[in-house]
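Work through the exercises below with the model open. Try each task before reading its solution.

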Amino acid sequence: MMDKMGPKTAVALTDKTFNKFVQETELTFVLYYTRSCEHCQRFSPEFEKAARKLGRIDKSYKLATIACEGDNRDICDTQGVEMFPVVQIFKDGFYRGNYEGAAMTKEGIIDEYLESLRPPCIHLTDVEEIKTVLTDNKRHSIVYFDIKSDAKTKEQYEKIAIINYRFNKWYTIKEMKTVWKARQAGIDIPDEWLGEIVFFKMAALHVPWEQNIHIYGNKANNKKVTDGLVSNWIDEKRMGKIPWITGGDWQHKKIKWPRIVAFYDLNFELDIEKSNEIRTRLYQYAKKHPQIQKTQNKHKNIEKQPLK
């Protein structure tokens with residue numbers, strides 16, 4: 001029995017049970033918390049409700065918690081957890097990313113869990129589904145238009161999708177007739193995309209001063225398709241010029257230092273307009289102060305300077 005704050009349906013893990021549970025459970029979300037954390041106390045009931053609902057859908061669907069205190073602290077440190085609450089996703093025994101849903105709610109957790117059960121890479125054939133992925137994308141999407149692509153590139157792409165599918169949504173369009181159908185339906189698929197890996201930034205992060213669609217250039221520029229190169233490229237495009245970082249997620253972002261960090265308590269998916277307004281102001285500030293970008297091996301203290 002956990003303390004009053006902790007969930008009752010979610011599995012309560014310890015330093016002795018964590019690794020075995022993660023290895024043996026096909027898919028699980030692990031909530032890291034501390035008893036003194038007010039945000040944890042607010043989110044814990046939502047996590048418990050999600051665990052209860054998922055258990056009713058299928059008994060194999062499991063959520064878990066671990067209190068990052070006492071003997072459990074080593075596990076939390078090993079997993080890179082520094083801020084709370086944090087929810088990490090594990091599938092087939094491997095860490096697949098942090099929960100970055102729209103909100104820390106029962107519905108958000110359930111939707112993300114069920115979404116995580118999908119195949120690593122989906123082959124697109126339906127025109128309406130293609131339209132949703134390319135234009136109304138609610139998540140970051142990577143689409144490989146593998147028309148006339150070589151077998152080695154196709155094989156590499158599928159391997160990369162399996163390794164990295166938790167961070168983005170991966171798709172393929174294989175037949176030219178599917179492209180023709182999509183074009184006839186008014187979907188813009190330029191010839192330069194064919195044979196290429198294309199990254200589509202989620203609509204919530206679209207801003208006027210950044211590109212929202214990026215081509216990897218494996219055919220045009222003879223770039224190799226490897227896990228390291230493609231993953232780094234996606235991380236760069238995903239984060240953009242003004243990256244957003246969620247709590248406890250520092251260690252999983254490839255951040256180039258020095259960098260000025262602005263902290264604000266605002267969920268970009270729940271309040272997209274306000275979040276992008278702040279990011280735009282930060283971008284304008286950076287443009288007006290180019291010396292900040294040239295600072296090396298030290299951080300510039302501007303916390304007392306208002307954004308104008």
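## Exercise 1: the surroundings of N218

Task: list the contacts of N218 beyond its neighbours within four places in sequence.

Solution. Contact means heavy atoms within 4.5 Å. By that rule N218 touches T153, G195, E196, I197, K223 and V225. Take E196 from that list. N218 and E196 lie 22 residues apart in sequence, yet their C-alpha atoms are 6.4 Å apart in space.

Next, place the residue. N218 sits in the loop between β10 (213-215) and α8 (227-239). Helices (H or I, at least four residues) and strands (E, at least two) are DSSP runs, numbered from the N terminus. Is N218 buried or exposed? N218 is buried, at 8% relative accessible area. Buried means under 20% relative accessible area, exposed over 50%, and partly exposed in between (1.4 Å probe, protein chains only).

A note on the source: this is a predicted model, where local features need pLDDT of at least 70, side-chain atom pairs count only at pLDDT 80 or more, and totals for chains, interfaces and linings use all residues. Residues are numbered from 1 along each chain as its sequence is written, and side-chain values use heavy atoms, with hydrogens and water left out.

## Exercise 2: strand β2 and its partners

Task: find the strands that pair with β2, and give the sense of each pairing.

Solution. Two strands pair if DSSP finds at least two bridges between them. Start with β4: β2 pairs with β4 in the antiparallel sense over six bridges. Within this pairing, L27 is opposite K91. Now take β3: six bridges join β2 to β3, and these strands run parallel. Here L31 is opposite T65.

Add the helix. β2, α2 and β3 form a right-handed β-α-β unit. Right-handed means that, with the strands pointing away from the viewer, the path from the first strand over the helix to the second runs clockwise.

Then check the cover. Seven of the seven residues of β2 are buried. In a regular strand the side chains alternate between the two faces of the sheet. L27, F29, L31 and Y33 are buried on one side of β2, and T28, V30 and Y32 on the other.

Finally, follow β4 onward. Four bridges join β4 to β5 (residues 94-98), and the two run antiparallel. Q88 has N98 in β5 as its bridge partner. The hairpin of β4 and β5 has two residues between the strands, and D92 there takes a positive phi near 55°.

## Exercise 3: what covers α4

Task: name the buried residues of α4 and the elements that cover them.

Solution. In α4 (residues 106-116), the buried residues are G108, I109, I110, E112, Y113 and S116. An α-helix has 3.6 residues a turn, so residues three or four places apart point the same way. The cover includes β2 (27-33), α2 (38-57), β3 (62-67) and β4 (86-91).

## Exercise 4: the cores

Task: identify the residues with the most contacts inside the largest nonpolar core.

Solution. A nonpolar core is a set of buried Ala, Val, Leu, Ile, Met, Phe, Trp, Tyr and Cys residues joined through side-chain atoms within 4.5 Å. The largest has 18 residues, and L134, V143, F145 and I189 have the most contacts inside it. Two or more residues each come from α5 (127-134), β7 (141-145), β8 (169-173), α7 (176-184) and β9 (197-200). α5 gives the most, with four residues. A second, separate core has 17 residues, including A10, L54, Y99 and I110.
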